[in-house]
Each structure stands twice: as C-alpha cells, then as structure tokens.
Amino acid sequence: MSNTVIGQTLVIDGEIVGDESLTILGTVKGRIELNNKLLVENEGNVEADIIVDNITVNGTVTGNVDAREKIEIESTGQMIGDIRTPKLSIKEGAIFKGQIDMVME
Amino acid sequence: MKKMVLTSKPEGFIGQGIEIKGSLTGDEALIVEGKITGEISLNNHLTVQETAEIKANVETVELTINGNLEGKVQVSELITVNSTAQVSGELYAPRIIIEEGARFNGHIEMDFELPEGI
C-alpha cells in the first residue's frame, strides 16, 4: 500500500485517521490515529495526541503517544509528552520529557 | 500576486487509507487519494485522484480533479476537471477545462478578482 507523505511545507491542523503508513516532514497539529507505522522525519514537527502501531521519531513530537507495538526515539528526536508502549528505545542524543508507561503484552 | 514556480514532482501525498479533518496549508505540490474534510490552501498544484473524496474549501494555483470534490474552489491559474471527476460546488478560476464524462453540479465563474493573499 502506498505511503502517505506530509511534505516539508505542509501544515495540517486537525485530525488524521487512517490505516496506512504515514511519513511526516511537515507540521501536524491536532490528533493522529493510525493502524500502521508513523515516521516523523528530522524536519517533522508534530503537536498532537497520537495513537499508532509504532512510531519512529527523528524530529519533534509534543503530545501524548499511545503505541500498540513500539516507540523509537532516534538520536535527533525530541519528544515531550506521556507515552504508553510495550517496547521503547531512546537513542543517545535524543531528548525526552514525560511519563513512560510500559504496558505488559 | 507572486508567481509560484510549480514543481512537477509532488512532495506531498495523501494515500487512500488516510482521512484528514481540518485545515491543510502548504507550498508544495500535493496528490490526494484519500479523504480530506475541511480547508485546503496550497500555493502549488493540487491533484485529486479518482479514489479521493474531498469536502473542502480549496485555494490553490492549479487544480486537477479526477475524483470527488465538493466545496468552494478558488484557483489562481487553471482547473482541469477530467472525465472521471464528480464535482459539486463553486469553481472560480481564470481558466477551467471540463472533459466529457465529468459530472458537475454547481456554479462556475471564470472571471474574478483574486482575494488578497493568494
């Protein structure tokens, strides 16, 4: 299935719902609910509450994140918010502030 | 009005499995196969593919419609409504092409003053 890309100049204010993978290079404010994988690239800026299967953060995410599978905060990633996930990785260099709830599978 | 350079290679793509409610703004070319409800303001070319369902007020430089679009559309250069399109609402643009087979209900105006800001 094709991969949705929110390009660098795009700004979305509202709600994104879907079941395909999503890559964000632009700005999204509001709410994201995805039955798939979310990738926030270096340039990406997300201010949203997020429900997703798994999320990889190279850019900036502000908001609460509920991941069914995994949260990965890469070395360039910045994340502020409370997270809930069974699996978590935070790389050296990453910035994180918030509550972590590692749910048992 | 500043003349935008239209890029042929789209940088934004909204796939069939994605639904967006709210406002979407930007400077890059965008192809939509999914659903958008709300507002779209794009300083570039917007392509509405056959599977797309858009209910929005749209402001863009160029617009190509192959799918479903409902709303008020203001385009500064060219609207192309292709044969697979289903459109209802208002279209405002200096140039509008409607291909045979396209369904259109609503109002068309080809001569209008651009509002400030696009």
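What share of the contacts in chain B with a separation of 6 or more comes from residues 24 or more positions apart? Select chain B of this predicted model and keep the figure in mind while looking at the chain: such residues account for 8% of those contacts. Chain B is built from 10 strands and 0 helices, so that its pattern, by the way strands are assigned, reads β-β-β-β-β-β-β-β-β-β along the sequence. Of its 118 residues, 41% count as buried. If you colour by confidence, chain B has a mean pLDDT of 89, with 86% of its residues at 70 or more, while the model as a whole scores ipTM 0.82 and pTM 0.84.

**First stop: B:Ile40**

Select B:Ile40, which is found in strand 4 (residues 35-42) of chain B. Buried or exposed, how does B:Ile40 count? B:Ile40 is buried, because 24 other C-beta atoms lie within 10 Å, where 20 or more are required for that class. Now add B:Val58 to the selection: the two residues are 18 apart along the chain, yet their C-alpha atoms are separated by 4.8 Å. Widening the selection to the residues that B:Ile40 touches, and leaving out those up to four places away in sequence, brings in B:Leu24, B:Leu46, B:Ala56, B:Val58 and B:Thr60.

**Second stop: B:Ile98**

Move on to B:Ile98, whose place is in strand 9 (residues 95-98) of chain B. B:Ile98 counts as partly exposed because it has 18 C-beta neighbours inside 10 Å. Add B:Asn82, which is 16 residues from B:Ile98 in sequence and 6.2 Å from it in space, C-alpha to C-alpha. With neighbours within four places in sequence set aside, the contacts of B:Ile98 are B:Val81 and B:Phe104.

**Third stop: where chain B touches chain A**

Show both chains together and select the residues on either side of the interface, where 19 residues of chain B are in contact with 23 residues of chain A. On the side of chain B, strand 1 (12-14) and strand 2 (18-26) each supply at least two residues, and the largest share, 9 residues, comes from strand 2 of chain B. Coloured by class, this side of chain B shows 5 nonpolar, 9 polar and 5 charged residues.

Next, highlight strand 2 (residues 11-18) of chain A beside strand 2 of chain B, since the two can be followed as a pair: they run in the antiparallel sense and are joined over 8 bridges. Which residue of strand 2 of chain B does A:Val17 stand opposite? The residue to select there is B:Glu19.

**Fourth stop: chain A as a whole**

Hide chain B and look at chain A, whose secondary structure comes to 13 strands and 0 helices. The C-alpha trace of chain A spans about 35 × 25 × 20 Å along its principal axes. Its radius of gyration is 12 Å, which agrees with the value near 13 Å that a compact globule of 105 residues would have. Of those 105 residues, 37% count as buried. Among the contacts in chain A with a separation of 6 or more, 1% come from residues 24 or more positions apart.

**Fifth stop: strand 5 of chain A and its partners**

Select strand 5 (residues 37-40) of chain A and turn it to compare its faces: A:Leu38 and A:Val40 form the covered face, whereas A:Lys37 and A:Leu39 form the uncovered one. In a regular strand the side chains alternate between the two faces of the sheet.

Strand 5 of chain A pairs in the parallel sense with strand 3 (residues 22-24) of chain A over 3 bridges, and in this pairing A:Leu22 stands opposite A:Leu38. Strand 5 of chain A also runs parallel to strand 6 (residues 45-57) of chain A, to which 4 bridges join it, and A:Leu39 has A:Thr56 as its bridge partner in strand 6.

**Last stop: the nonpolar core**

Bring chain B back and select the largest nonpolar core, which has 56 residues. Those with the most contacts inside this core are A:Val28, A:Ile32, A:Leu38, A:Ile55 and B:Ile36; A:Leu38 was already seen on the covered face of strand 5 of chain A. Centre the view on A:Val28, which touches A:Ile6, A:Ile12, A:Ile16, A:Val46 and A:Ala48 when residues up to four places away in sequence are not counted. In soluble globular proteins, nonpolar side chains tend to be buried together.

Conventions
Residues numbered from 1 in each chain as written. Chains lettered and ligands numbered in written order. Predicted model: local features only at pLDDT ≥ 70, side-chain atom pairs only at ≥ 80, totals over all residues. Contact = placed C-beta atoms within 7 Å. Nonpolar A, V, L, I, M, F, W, Y, C, P; charged D, E, K, R; others polar. Pairing = 2+ DSSP bridges. Buried ≥ 20, exposed ≤ 12 C-beta atoms within 10 Å, placed from the backbone. Rg over C-alpha atoms; globule rule 2.2 N^0.38 Å. Core = buried A, V, L, I, M, F, W, Y, C linked by C-beta atoms within 7 Å. pLDDT = per-residue confidence, 0-100.
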